[in-house]
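Visitor: I have this model open and would like a close look at a single part, the sheet. Could you walk me through the strands and what lies around them?

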Amino acid sequence: MFDLTALEDAARLVHATMPPTPQFAWPLLAARAGCEVWVKHENHTPTGAYKARNGIVFIDALRRRRPEVRGIVTATRGNHGQSLPFAARGTGLAVTVVVPHGNSVEKNAAMRAFGAELVEHGRDFDEAYGHARHLSEERGLEMGPAFHPDLARGAATYALELFRAVADLDTVYVPIGMGSGISGLIRTRDLLGLKTRIVGVVSTEAPAMALSLEAGRVVTTETAHTFADGMACRVPDPEAFAIIRAGAERVLRVTDNEVAAALRAYWTDTHNLAEGAGAAALAALLQERERMQGRRVGLILTGGNIDLAVARRVLAEG
């Protein structure tokens with residue numbers, strides 16, 4: 001995928017646009033989980049999610065590799081679709097983003113605010129992604145993939161910050177959408193020669209990656225109905241699947257109720273508001289509370305872009 005020099009180059013590129021995000025050890029989370037808990041706050045980026053990093057690195061590499069490209073189209077449930085127009089501002093590169101019908105109102109507004117043309121199509125991410133491919137051919141636009149080594153290299157910059165700031169992490173939990181975050185984390189762990197275990201997290205309502213790892217081949221699902229929209233994927237990327245299969249310790253499934261409880265725990269214990277996928281790593285740690293007793297654990301809080309109505313409902317349920 002990339003070597004350490006390329007990763008450090010990516011980190012310098014990212015840090016020219018945004019500062020490193022913090023990682024904090026929260027005592028109330030430690031008491032709740034029975035172990036030392038370090039949270040990597042990717043909800044503290046200019047787009048509210050780690051994918052700001054992906055966009056910065058991907059757009060820079062695209063412009064260097066293909067300077068003639070004037071337009072790009074991609075599909076998203078929100079965070080990827082904010083990262084590309086955020087990174088493309090001032091470059092003259094037009095960004096079209098396809099979202100499924102019923103997508104987050106507030107994420108849609110944020111994508112438009114960053115300059116994206118928004119197109120609504122399909123019932124879920126995977127149908128929106130298929131339409132993005134159609135628009136790429138119809139309009140002559142560069143296809144912005146859901147997974148790409150440059151996206152993973154961007155995500156890996158948060159891993160580099162975390163591993164260099166916090167020594168001897170036993171395990172890091174990270175949610176899985178299309179795989180850039182966990183792939184970047186695995187690659188960085190390996191480049192630094194660390195023994196940290198990487199545990200991926202998927203929703204019970206969108207278990208395609210977990211099913212694929214169990215079967216030893218890519219397995220798709222018919223539905224992905226979870227409020228944790230960052231994990232709502234039905235069709236795993238083969239390249240991401242291979243990286244996760246080779247480098248993850250295990251992949252856990254968490255329910256929407258467990259994610260909601262973790263979201264409330266983040267709010268009460270740290271006063272940070274996580275989106276559904278952002279709370280999934282904590283949900284998985286709490287599921288494995290007994291197994292992690294006394295260890296030093298990292299959690300990737302991947303984003304905080306949750307609609308106000310959803311946040312009110314989830315917090316009120318507690």
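Guide: Happy to; here is a tour of the sheet, strand by strand. This is a predicted model, in which local features need pLDDT of at least 70, side-chain atom pairs count only at pLDDT 80 or more, and totals for chains, interfaces and linings use all residues. Residues are numbered from 1 along each chain as its sequence is written, and side-chain values use heavy atoms, with hydrogens and water left out.

The sheet is open and is built from 6 strands in the order β1-β2-β10-β7-β8-β9, with mixed pairing. Strands here are DSSP runs of E with at least two residues, helices are runs of H or I with at least four, and both are numbered from the N terminus. Two strands count as paired if DSSP finds at least two bridges between them. The edges are β1 (23-25) and β9 (250-254), each of which pairs on one side only. On average, neighbouring strands of this sheet are turned by 25° against each other, direction ignored. For such angles, axes are lines fitted to C-alpha atoms, for helices over the stretch in contact, and values run from 0 to 180 degrees between N-to-C directions. As a reminder, strands of a sheet pair through backbone hydrogen bonds, either parallel or antiparallel.

Let's start at the β1 edge. β1 and β2 run antiparallel and are joined by 3 bridges; there, Q23 stands opposite K40 in β2. On to β2 itself, residues 36-41: 5 of its 6 residues are buried, so this strand is largely enclosed by the rest of the structure. Buried means under 20% relative accessible area, exposed over 50%, and partly exposed in between, with a 1.4 Å probe and protein chains only. β2 also pairs with β10 (residues 296-301), this time in the parallel sense, over 6 bridges. Within that pair, V39 stands opposite L299 in β10.

Now cross to the β9 edge. Here β8, residues 197-203, pairs with β9 in the parallel sense over 5 bridges, and S203 stands opposite V254 in β9. Helix α9 (residues 208-215) lies across β8 and β9 and runs at about 140° to β9. Contact, for this purpose, means heavy atoms within 4.5 Å.

To pull the two ends together: the β1 edge is joined to β2 in the antiparallel sense, whereas the β9 edge pairs with β8 in the parallel sense. That is how the mixed pairing of the sheet appears at its edges.
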